Amino acid sequence: MSVGLLAVVDDILTAALKASAKTAGVVIDDAAVTPQYVQGLSPARELPIVWRIALGSLFNKFVIIIPLALLLSAFAPGVLPWLLIIGGTYLCFEGAEKVTEWFGVHHAAGATEARDERKLVFGAIRTDLILSTEIMLIALAGLDPDFGIGMTLGALVVIGLGMTVLVYGAVALLVKIDDIGLSLMKNPVRRVRRTGARIVRSMPAVFQVISIIGTVAMLWVGGHLVIANLHDTIWTGPYDVVHAVTEVVEFAGPVIVWVTDTAMSLVFGLILGLIIVVALTGISRLRKRKQPHGVTA
């Protein structure tokens, strides 16, 4: 009995490891996006906020995504691509909004609202829901369809736990590196103090780079989600264009093909996101014009 149980556990772990390998790109995106949500907070609040976001990510995976994915894959598989299109479109919008902010365009949220912890956590968990959905659906697609409901559920649970620990462990390390540097600066060894000082000085640039990577990740993942799932539903145009271009550069090797595919997904995501940003901005201005004078929203 115990030998049989160990064999089942081994099968689940092996399948989970293989399926997880296909989600590596999205996991990197998730780890790059999350640190943006704790920038500007006091050091004492950074780890508690990361912990709350991690708990929200577990809730997303185990209460929403895994049960819904199993139910839909069994009874309504045609709904899954539409959910991914919606999620991808939201990522494109959020990424494009951040790009416009780089060029001095300010949106509705003010400085006080942007630092409100509850809204920060909610925003991070909302973004995690989309990224975690893609992670879990890619993992589900990578599992043997003849695995059985119990084995499939077990593999998804292992993947969900493993990915959450990996992503938010990395995020926690990133946001506390500056504290590690400050601690090293108090070391009696001069070389260690210098290393700590370099770490502290480099952190603003590191977080700026992380912010850029996170924004690019949103656009890339969002664009890829929309392109791939439009192809599976109602419109193959964008996918056909990407496929045609990647075929042209196929002779250069898989790395160039991947870079080309990624770049085109990113551009598509940026264009789609900018269209939504412009549309929502226009609607907001129209609503303000229609308000009676002296009345504020």
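Is E46 buried or exposed? Hi everyone, let's start with that one. E46 is buried, and its relative accessible area is 8%. Before I go on, please keep in mind that this is a predicted model.

So who does E46 meet? E46 and K176 come together through their side chains in a salt bridge, at 3.6 Å from N to O. This pair ties distant parts of the chain: K176 sits in helix α7, residues 149–185, while E46 belongs to helix α3, and 130 residues separate them. K176 has a relative accessibility of 16%. Because buried means under 20% relative accessible area, K176 counts as buried as well.

How many salt bridges does the structure hold? There are four, and I'd like to show you two others. Have a look at E117. E117 makes a salt bridge with R45, and the closest N and O atoms are 3.0 Å apart. Here again distant parts of the chain are linked: E117 is in helix α6, residues 117–142, and R45 is in helix α3, residues 43–75, with the two positions 72 residues apart. E117 is partly exposed at 23% relative accessible area, and R45 is partly exposed at 30%.

E117 has another partner. The side chains of R52 and E117 also meet in a salt bridge, this one at 3.7 Å from N to O. R52 is in helix α3 and E117 in helix α6, so to speak across the chain, 65 residues apart. With 32% relative accessibility, R52 counts as partly exposed. Put these together and you get a network of salt bridges that links R45, R52 and E117.

Now for the aromatic rings. A pair of aromatic rings is described by how far apart the centres are and by the angle of the planes. This structure holds two aromatic pairs. In one of them, Y90 and F93 are tilted, with 6.3 Å from centre to centre and 50° between the planes. Both residues lie in helix α4, residues 79–102, three residues apart, which is about one turn of the helix. F93 is buried, with 17% relative accessible area.

The other pair is W220 with W258, and it is edge-to-face: the centres are 5.5 Å apart and the planes stand at 90°. This pair links distant parts of the chain, with W220 in helix α8, residues 190–231, and W258 in helix α10, residues 254–290, 38 residues apart. W220 is buried, at a relative accessible area of 17%.

Let's finish with the nonpolar side. In soluble globular proteins, nonpolar side chains tend to be buried together. Which residues touch the most other members of the largest nonpolar core? They are V50, I53, L91, M136, L156 and I159, out of 53 residues in that core. The elements that give two or more residues to this core are α1 (2–21), α2 (24–33), α3, α4, α6, α7 and α8. Of these, α6 gives the most, with eleven residues.

If you'd like one residue to click on, try I159. Leaving aside residues up to four places away in sequence, I159 touches A16, A19, S20, M136 and A139. There is also a second, separate core of six residues, and among them are I85, V226, I227 and L230.

That's my tour, and thanks for listening!

Note on methods: Residues numbered from 1 in each chain as written. Predicted model: local features only at pLDDT ≥ 70, side-chain atom pairs only at ≥ 80, totals over all residues. Heavy atoms only, no water. Helix = DSSP H or I, 4+ residues; strand = E, 2+ residues; numbered from the N terminus. Buried < 20%, exposed > 50% of the residue type's maximum accessible area, 1.4 Å probe, protein only. Phe/Tyr/Trp six-rings, centres within 6.5 Å; stacked < 30°, edge-to-face > 60°. Core = buried A, V, L, I, M, F, W, Y, C linked by side-chain atoms within 4.5 Å. Contact = heavy atoms within 4.5 Å.
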